[in-house]
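Good morning, and thank you for making time for this presentation. Please have the sequence and the structure open as I speak.

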There are 2 protein chains.
Amino acid sequence: MFTLAEENYLKTIYHLQQNVGVEVSTNAIAEKLETKASSVTDMVQKLADKQVLSYVKYKGTTLTEKGNEIAVNIIRKHRLWEVFLVEKLHYSWDEVHEIAEQLEHIKSESLIDRLEEFLGFPKVDPHGDPIPDQNGQFKKVEKQLLSQLAKGQKGICVGMKESERNFLRYLDKRSIAIEAEITVISKEDFDDSMQIEVNGNRFFISKKIAENLYVKIF
Amino acid sequence: MFTLAEENYLKTIYHLQQNVGVEVSTNAIAEKLETKASSVTDMVQKLADKQVLSYVKYKGTTLTEKGNEIAVNIIRKHRLWEVFLVEKLHYSWDEVHEIAEQLEHIKSESLIDRLEEFLGFPKVDPHGDPIPDQNGQFKKVEKQLLSQLAKGQKGICVGMKESERNFLRYLDKRSIAIEAEITVISKEDFDDSMQIEVNGNRFFISKKIAENLYVKIF
DNA sequence: AAATATATTTAGACCAGACTAAAAAAATGA
DNA sequence: TCATTTTTTTAGTCTGGTCTAAATATATTT
């Protein structure tokens, strides 16, 4: 069995591996977990003893097969609970993260499978991220920044990088919300601003905005 | 904010106060929590500092108003989660306790109220115990041992003291289950055994059995 | 390649929460 | 009442997880 702290380390290392590459640095983990590098060294050594990751001094860590499984399972729990919170308890998709952070650590052999069934085996969470199945299998869904789309492309809004109050209000005014279809009408080369269409309305948005919105292309 | 351990102490002390009287002894707490008396002393002193209970050396502890509130709130969470597990995820009423023990510690301002609404504001949990409302108010429901009923009285089965495998099987054979109506047909003075009727069937049950079944009288 | 800067690890400490063993208070009983 | 038993507390230790400060490795600059 793994403690709450151990589970959080595994999950964080998993996420960092996705983004960066294979070896994850001590400092990267420390930053994500808002802790000190020395604490990370301690924990990483302990997790190496437990065979869930391999660790080479001064070089970094990678999850083992077993560590990967555990991390994916935590992510599965996190995302299913998020679906529950949004669909059943009517939270909005940007409120659920911290509650799901707690729920993902509930220990039970059967709970999460029953929850999954209750929710009707959803494939993605409220942020558009895929939900691993019981065996940890899932398709990587193309989630990219709106700024990466070319003229003419359409994407479904699935989330945002930062979710500051002001930014949310900005989006709200333009009825840009999760699940909204966004079409790139035109794109300016000199400042990377773009014109987009959402629900039949057209606006100009700056590079900064376009770099804060995630979309999926189908 | 209170830690998981602190919350468990408060809950336990609350339950012990109900059963016994006002002052709760160190040993009683230790036994319920399956820990050592010395550990209890430490924790109880800490909780006294935090104003949630009053503690007099060698005499025992009682919850303060504030401590009581916190305990009732944890119990509210526990019971609502149990309803969720039984009604939505189709667990049986004797499987849910350990999962609810974990879920009751999830921290969120709004979560439990939303869950309560989702469940349709249930009044009792799957064991027949009342669910406190948002203000911690609830009616004490008459839950008593079947052995305490007199000839002719009817009760609804709401739970059992011990829930050993063998005992459960014994009950199952006689179709004694949660929500079953039990009528005391006769009672023997010399050994406290009784004849009961359940679903139209009559059996004799021993004192031991009658002391393990909880019923509510309406 | 030497000097400096950055990243990482080690050593030693702390806190929460538990434990053991011993001391002290309270309850029991001859 | 005085001795014994039981309950409770104290003192000191341990583990998990964290921290700071100092030491060591690696990377970068000149």
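Chain A is superposed on chain B by a rotation of 179° with 0.0 Å of shift along the axis, and the RMSD is 0.3 Å. The two copies are thus related as by a two-fold rotation axis. I should say at once that this is a predicted model. Where does chain A come nearest the axis? The C-alpha nearest to it in chain A is that of A:L103, at 3.8 Å. As for the interface, 100% of the interface residues of chain A are also interface residues in chain B, so the copies meet through the same surface.

Let me turn to the DNA, beginning with strand D. There are 21 residues around DNA strand D, and those that come nearest are A:T3, A:T35, A:K46, B:Y55 and B:K57. Which part of the strand faces the protein, sugar and phosphate or bases? Of the atoms of DNA strand D within 4 Å of the protein, 75% belong to sugar or phosphate, and the rest to bases.

Several polar contacts to phosphate oxygens of this strand can be named. From chain A, an N or O atom in the side chain of A:S39 is 2.7 Å from a phosphate oxygen of DNA strand D. From chain B, an N or O atom in the side chain of B:T26 is 2.9 Å from a phosphate oxygen of this strand. B:N27 uses its backbone instead: one of its backbone N or O atoms lies 2.9 Å from a phosphate oxygen of DNA strand D. The elements that give two or more residues to this surface are α1 (4–19) and α3 (37–49) of chain A, together with α2 (26–33) and α3 (37–49) of chain B. Of these, α3(A) gives the most, with five residues. By class, the surface near DNA strand D has seven nonpolar, ten polar and four charged residues.

Now to DNA strand C. Of the 21 residues around DNA strand C, A:Y55, A:K57, B:T3, B:T35 and B:K46 come nearest. Sugar and phosphate make up 81% of the atoms of DNA strand C that come within 4 Å of the protein. A backbone N or O atom of A:N27 lies 3.0 Å from a phosphate oxygen of this strand, and a polar side-chain atom of B:S39 lies 2.8 Å from a phosphate oxygen. A base is also contacted: an N or O atom in the side chain of B:S38 is 3.0 Å from a base oxygen of DNA strand C. Here the elements giving two or more residues are α2 (26–33) and α3 of chain A, with α1 (4–19) and α3 of chain B. The largest share, five residues, comes from α3(B). The surface near DNA strand C has seven nonpolar, ten polar and four charged residues.

Finally, I come to a sheet in chain B. Six strands form an open sheet in the order β3-β8-β4-β5-β6-β7, with antiparallel pairing. Its edge strands are β3 (143–145) and β7 (201–205) of chain B, each of which pairs on one side only. Neighbouring strands of the sheet are turned by 45° against each other on average, direction ignored. Within it, three bridges join β4 (154–160) to the antiparallel β5 (181–187), and B:I156 stands opposite B:E181 in β5(B). Which helix packs on this sheet? Helix α7 (165–173) of chain B does, touching β4, β7 and β8 (213–216), and its direction makes about 150° with that of β4(B).

Key
Residues numbered from 1 in each chain as written. Chains lettered and ligands numbered in written order. Predicted model: local features only at pLDDT ≥ 70, side-chain atom pairs only at ≥ 80, totals over all residues. Heavy atoms only, no water. Near = heavy atom within 4 Å. Polar contact = N/O pair within 3.5 Å; in protein donor to acceptor, adjacent residues only side chain to side chain. Helix = DSSP H or I, 4+ residues; strand = E, 2+ residues; numbered from the N terminus. Nonpolar A, V, L, I, M, F, W, Y, C, P; charged D, E, K, R; others polar. Pairing = 2+ DSSP bridges. Axes fitted to C-alpha atoms, helices over the stretch in contact; angles between N-to-C directions. Contact = heavy atoms within 4.5 Å. Least-squares fit on C-alpha atoms with pLDDT ≥ 70 in both.
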